[in-house]
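Q: Got a minute to go through this one with me? I'd like to start with a single residue and work outward.

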Amino acid sequence: MMIAQDTQRLSNLIKYELFPEFRHCRDVITYNGTAKNFAIGDLVDATGGVPATAAAIAGIVVENTSAPPATATPVIILARGTAGVSAAGLNLGALTLANVTTQLLTKDIKVLTAV
């Protein structure tokens, strides 16, 4: 028996955002590297790479994006708050939730956890 699976949705990640109609909390970074698929919830550094440390986080990807190799590809990220995101919606990679939470708070993005 197969159970239906769904892709990550923006509503699973962002729980609230200041002025979403004006994209106040969002920025666009330009990725220009090897072919890569960005998924909602990925943490990225300023070049679109995977951040080596929490301090290198530029933001959180908010739109699935496929980047061809060696092509300047715009990637939309949640870069500042006031905003709240679900901890379950973040793709932490090798980083810890505690470190990511601390770093995102410096950007006025609160990480919300279910109780």
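**Arginine 26 and its surroundings**

A: Sure. Arginine 26 is found in strand β2. Bear in mind that this is a predicted model.

Q: Is arginine 26 buried or exposed?

A: Arginine 26 is buried, because its relative accessibility is 18% and the cut-off for buried is under 20%.

Q: What is arginine 26 in contact with, leaving aside neighbours within four places in sequence?

A: Leu10, Ile14, Glu17, Val62, Ile76, Ile77, Leu78, Ala79 and Arg80.

Q: Which residue forms a salt bridge with arginine 26?

A: Glutamate 17 does. The closest N and O atoms are 2.9 Å apart. Glutamate 17 is buried, as is arginine 26.

Q: Why would such side chains pair at all?

A: Opposite charges can pair when the charged atoms come close.

Q: How many salt bridges turn up in the whole structure?

A: Two. Besides the pair of glutamate 17 and arginine 26, arginine 80 and aspartate 27 meet through their side chains, at 2.8 Å from N to O. That pair links distant parts of the chain, 53 residues apart. Arginine 80 sits in the loop between β7 and β8, and aspartate 27 in strand β2.

Q: Why does arginine 80 count as partly exposed?

A: Because its relative accessibility is 30%, and partly exposed runs between the 20% and 50% cut-offs. Aspartate 27 counts as partly exposed too, at 31%.

Q: Switching to the interior. How many residues are in the largest nonpolar core?

A: It has 20 residues. Those with the most contacts inside it are Leu13, Ile60, Leu78, Val85, Leu90 and Leu104.

Q: Which elements each supply at least two residues of this core?

A: β7 (73-78), β8 (83-86), α2 (97-106) and β9 (109-112). Apart from this core lies another, of ten residues, among them Ala58, Val61, Val75 and Ala79.

Q: Back to isoleucine 60. What does isoleucine 60 touch, not counting residues up to four places away in sequence?

A: Leu13, Gly41, Asp42, Leu43, Ile76, Ile77, Leu78, Val85, Leu90 and Leu104.

Q: Now the outside. Which residues make the nonpolar surface patch of about 310 Å²?

A: Leu18, Phe19 and Phe22.

Q: Where does phenylalanine 22 lie?

A: In the loop between β1 (14-17) and β2 (26-31).

Q: And why is phenylalanine 22 called exposed?

A: Because its relative accessible area is 62%, and exposed means over 50%.

Note on methods
Residues numbered from 1 in each chain as written. Predicted model: local features only at pLDDT ≥ 70, side-chain atom pairs only at ≥ 80, totals over all residues. Heavy atoms only, no water. Patch = residues over 30% accessible without salt bridge, like charges linked within 9 Å, V, L, I, M, F, W, Y side chains within 5 Å. Areas by Shrake-Rupley, 256 points an atom, 1.4 Å probe, with all protein chains shown as cover. Salt bridge = Lys/Arg side-chain N within 4 Å of Asp/Glu carboxyl O. Helix = DSSP H or I, 4+ residues; strand = E, 2+ residues; numbered from the N terminus. Buried < 20%, exposed > 50% of the residue type's maximum accessible area, 1.4 Å probe, protein only. Core = buried A, V, L, I, M, F, W, Y, C linked by side-chain atoms within 4.5 Å. Contact = heavy atoms within 4.5 Å.
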